[in-house]
Amino acid sequence: MDQAPAPQSAGRCAAVHIEDPTACRGPRDAVTILDGTGNAATGCEHHGARMLASLDGACIEPGSVVGAATRAAAASLTIRPFCWYKSAPRTEPSQLSHAENARRA
C-alpha cells in the first residue's frame with residue numbers, strides 16, 4: 001500500500017491514511033482491507049470504507065464487528081478516492097466514486 005500505518009500513539013487505526021484528518025469511528029479492528037498485492041490493514045469501519053474507496057483492486061474482510069464489512073463496502077461506493085484532498089481535480093473516472101461513475105454511464 002502507498003501509505004504508512006498511523007502510529008499507535010496517534011490513537012487511530014492502521015487503515016487510516018497518514019494524511020486523512022478524520023478520527024476513527026468504532027473499534028479499531030472492525031474490518032480488514034486487503035490491497036491487490038496481499039498487504040492487509042485492520043481498522044475501524046470509517047477508515048476501512050475510505051481505504052477501500054481509494055485503493056484499486058482492494059477487498060474487505062470482516063473483523064470484530066458483525067456487519068461492519070458490509071456497511072463499509074456499501075459506504076465505499078459513494079466515497080471518492082482520497083476524499084480528504086478537497087482541492088484535488090475530480091474529472092477522470094479514477095477520481096470519482098463508484099456511484100458517480102455509475103450515474104455517468
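Colleague: Which residues touch the most other members of the largest nonpolar core, and how should such a core be read?

Modeller: A nonpolar core is a set of buried Ala, Val, Leu, Ile, Met, Phe, Trp, Tyr and Cys residues joined through side-chain atoms within 4.5 Å, where buried means under 20% relative accessible area, exposed over 50%, and partly exposed in between, with a 1.4 Å probe and protein chains only. Here the largest such core has 20 residues, and Val-31, Ile-33 and Ile-60 are the ones that touch the most other members. Two or more residues come from each of β1 (31–34), α1 (45–54) and α2 (68–76), with α1 giving the most, four residues. Helices (H or I, at least four residues) and strands (E, at least two) are DSSP runs numbered from the N terminus.

Colleague: Before we go on, what kind of model is this, and what limits apply to its features?

Modeller: This is a predicted model, in which local features need pLDDT of at least 70 and side-chain atom pairs count only at pLDDT 80 or more, while totals for chains, interfaces and linings use all residues. Residues are numbered from 1 along each chain as its sequence is written, and side-chain values use heavy atoms, with hydrogens and water left out. The pLDDT is the predictor's confidence in each residue, from 0 to 100; the protein chain averages 90, and 90% of the residues score at least 70. Over residues 1–9, however, the pLDDT is below 50, although this stretch has 22 contacts in the model beyond near neighbours in sequence.

Colleague: Returning to the core, with which residues is Val-31 in contact, once its neighbours within four places in sequence are left aside?

Modeller: Contact means heavy atoms within 4.5 Å. With those neighbours left aside, the partners of Val-31 include Ala-41, Cys-44 and Glu-45, as well as Gly-48, Ile-60, Pro-62, Ala-68 and Ala-69. For the protein chain, among contacts between residues at least 6 apart in sequence, 42% join residues at least 24 apart.

Colleague: How many salt bridges does the structure hold, and which parts does the pair Asp-20 and Arg-50 tie together?

Modeller: Side chains of opposite charge can pair when their charged atoms come close. A salt bridge is a side-chain nitrogen of Lys or Arg within 4 Å of a carboxyl oxygen of Asp or Glu, and the structure holds three. In one of them the side chains of Asp-20 and Arg-50 meet at 2.8 Å, N to O; Asp-20 lies in the segment before β1 and Arg-50 in helix α1, so the pair ties together parts that are 30 residues apart in sequence. Asp-20 counts as buried at 1% relative accessibility, and Arg-50 is buried as well, with a relative accessible area of 13%.

Colleague: Where do the partners of the salt bridge between Glu-45 and Arg-71 lie, and is Glu-100 buried or exposed?

Modeller: Glu-45 and Arg-71 have their closest N and O atoms 2.9 Å apart, and the pair links distant parts of the chain, Glu-45 in helix α1 and Arg-71 in helix α2, 26 residues apart. Both are partly exposed, Glu-45 at 22% relative accessibility and Arg-71 with a relative accessible area of 40%. The side chains of Glu-100 and Arg-80 meet in a salt bridge at 2.7 Å, N to O, and this pair links Glu-100 in helix α3 (residues 98–104) to Arg-80 in the loop between α2 and α3, 20 residues apart. Glu-100 counts as buried at 17% relative accessibility, whereas Arg-80 is partly exposed, with a relative accessible area of 30%.

Colleague: What does Gln-95 touch, not counting residues up to four places away in sequence, and what is the phi of Phe-82?

Modeller: Gln-95 is found in the loop between α2 and α3 and is partly exposed at 21% relative accessible area. Outside those excluded positions, Gln-95 touches Arg-80, Pro-81, Pro-89 and Arg-90, and the C-alpha atoms of Gln-95 and Arg-80, 15 residues apart along the chain, are separated by 6.6 Å. Phe-82 also lies in the loop between α2 and α3; although Phe-82 is not a glycine, its phi is positive, about 50°.

Colleague: In what order do the elements run along the protein chain?

Modeller: The protein chain has three helices and three strands, running β-β-α-β-α-α from the N terminus on. Along its principal axes the C-alpha trace spans about 40 × 25 × 25 Å, and buried residues make up 40% of the 105 residues.
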